[in-house]
Amino acid sequence: MNKKMVTIIAALAMCTAMAGCTGSDTASSLKAVTTTTTTAAAESAAPAESTADSNADSTSANVGTTDYDVDGDFRAFEQMKDKYEGNYLANLTGQMSNNGTKYTICIKDGKAYQALTVQGMKSYTVCPGDGKLYNVSEGTTTYSIEDDDGNQWKSADILFGATLDFDHAYIDTTTNVVHEYYNLDSSVSGGEGQIVYGFDGATYDLKQVVLLPEGADESSAVYFTVDSMGEADDSLLAVPDLSAYTKE
């Protein structure tokens with residue numbers, strides 16, 4: 001299996017069955033684990049229940065008619081990319097098999113922070129741009145430090161880091177959610193597949209993200225609802241204070 005990709009999905013795969021994650025578990029999330037499924041999974045996914053954009057003036061819960069044209073030139077992903085690529089803080093909640101797991105991703109200026117909370121136990125990794133990865137477990141109060149090759153932040157960027165060309169779109173008229181499908185860059189993701197973005201049809205705020213690596217049943221898909229999205233928080237990207245933690 002390709003161990004190159006940085007994703008919160010990997011951390012979930014290793015930590016969900018545990019009461020908490022160690023720092024080394026979180027570090028592994030910066031090296032890629034992929035699951036596989038078919039693109040049909042997203043179309044059968046339960047619709048996202050909530051979303052928020054801290055910079056948006058309108059809510060993203062409107063259900064109604066969208067002007068989105070699946071065959072047109074406008075893509076909601078491109079609009080989101082123009083606003084947030086390289087500078088964002090996103091809070092996500094896992095759905096389906098990942099139900100209730102909380103994720104935070106912060107990206108800015110070649111730096112990255114990613115955290116997950118499983119059953120109340122939080123672990124996180126910081127790439128502060130000093131050539132190191134800091135892996136911290138609040139559950140076990142331990143940490144580890146690894147070398148950063150300078151590219152880890154790209155793989156940590158779940159929303160933009162592995163997204164390639166647009167494939168197709170469809171509109172769920174029941175929920176007024178626009179689903180845009182994009183192919184994944186296997187050199188980053190560690191495998192072939194697609195990422196599906198679900199946007200509110202009225203505001204084009206991001207509501208849901210589904211990871212659809214190629215080839216298995218829909219139960220292997222990874223679903224997230226988007227709780228909030230805004231500009232990066234610089235405080236998360238600093239070298240963490242490890243004075244209360246024990247080195248592994």
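Me: In this predicted model, how many bridges join strand β9 to strand β10, and which way do the two run?

Reply: A pair of strands is read from its bridges and its direction. Here β9 (residues 193–200) and β10 (residues 206–213) run antiparallel and are joined by seven bridges. For a single position to look at, take Phe 199, whose bridge partner in β10 is Leu 206.

Me: What packs on the sheet there, and at what angle to β9?

Reply: Helix α4 (residues 76–84) packs on the sheet, and its direction makes about 85° with that of β9. Besides β9, the helix touches β1 (87–94), β7, β8 (177–184), β10 and β11 (222–230).

Me: Which residues of α4 are buried?

Reply: Look at relative accessibility residue by residue; buried means under 20%. In α4 the buried residues are Ala 76, Phe 77, Met 80 and Tyr 84. Viewed down the helix axis, these buried residues fall within an arc of 95°, so they line one face of α4. Their packing partners are β1, β7, β8, β9, β10 and β11.

Me: What does the backbone do just after α4?

Reply: Gly 86, just after the helix, takes a positive phi of about 80°.

Me: What is the strand order of the whole sheet?

Reply: Read the order across the sheet, not along the chain. The sheet is open, has twelve strands with mixed pairing, and its order is β7-β8-β9-β10-β11-β1-β2-β3-β4-β5-β6-β12. At the edges stand β7 (163–172) and β12 (246–247); each has a single partner strand, so one side of each is left without a neighbour in the sheet.

Me: How many disulfides does a search of the whole structure find?

Reply: A disulfide is a covalent bond between the sulfur atoms of two cysteines. The search of the whole structure finds zero.

Me: Are Cys 106 and Cys 127 buried or exposed?

Reply: Cys 106 counts as buried because its relative accessibility is 0%. Cys 127 also counts as buried, because its value is 1%.

Me: What are the totals for secondary structure and burial?

Reply: The protein has six helices and twelve strands. Of its 248 residues, 51% count as buried. The accessible surface comes to about 10,700 Å², with 46% of it belonging to carbon and sulfur atoms.

Me: What share of the contacts with a separation of 6 or more comes from residues 24 or more positions apart?

Reply: Sequence separation is the quantity to sort by. Among contacts in the protein with a separation of 6 or more, residues 24 or more positions apart account for 61%.

How values were computed. Residues numbered from 1 in each chain as written. Predicted model: local features only at pLDDT ≥ 70, side-chain atom pairs only at ≥ 80, totals over all residues. Heavy atoms only, no water. Disulfide = S-S within 2.5 Å. Buried < 20%, exposed > 50% of the residue type's maximum accessible area, 1.4 Å probe, protein only. Pairing = 2+ DSSP bridges. Helix = DSSP H or I, 4+ residues; strand = E, 2+ residues; numbered from the N terminus. Contact = heavy atoms within 4.5 Å. Axes fitted to C-alpha atoms, helices over the stretch in contact; angles between N-to-C directions. Areas by Shrake-Rupley, 256 points an atom, 1.4 Å probe, with all protein chains shown as cover. Arc of directions from axis to C-beta.
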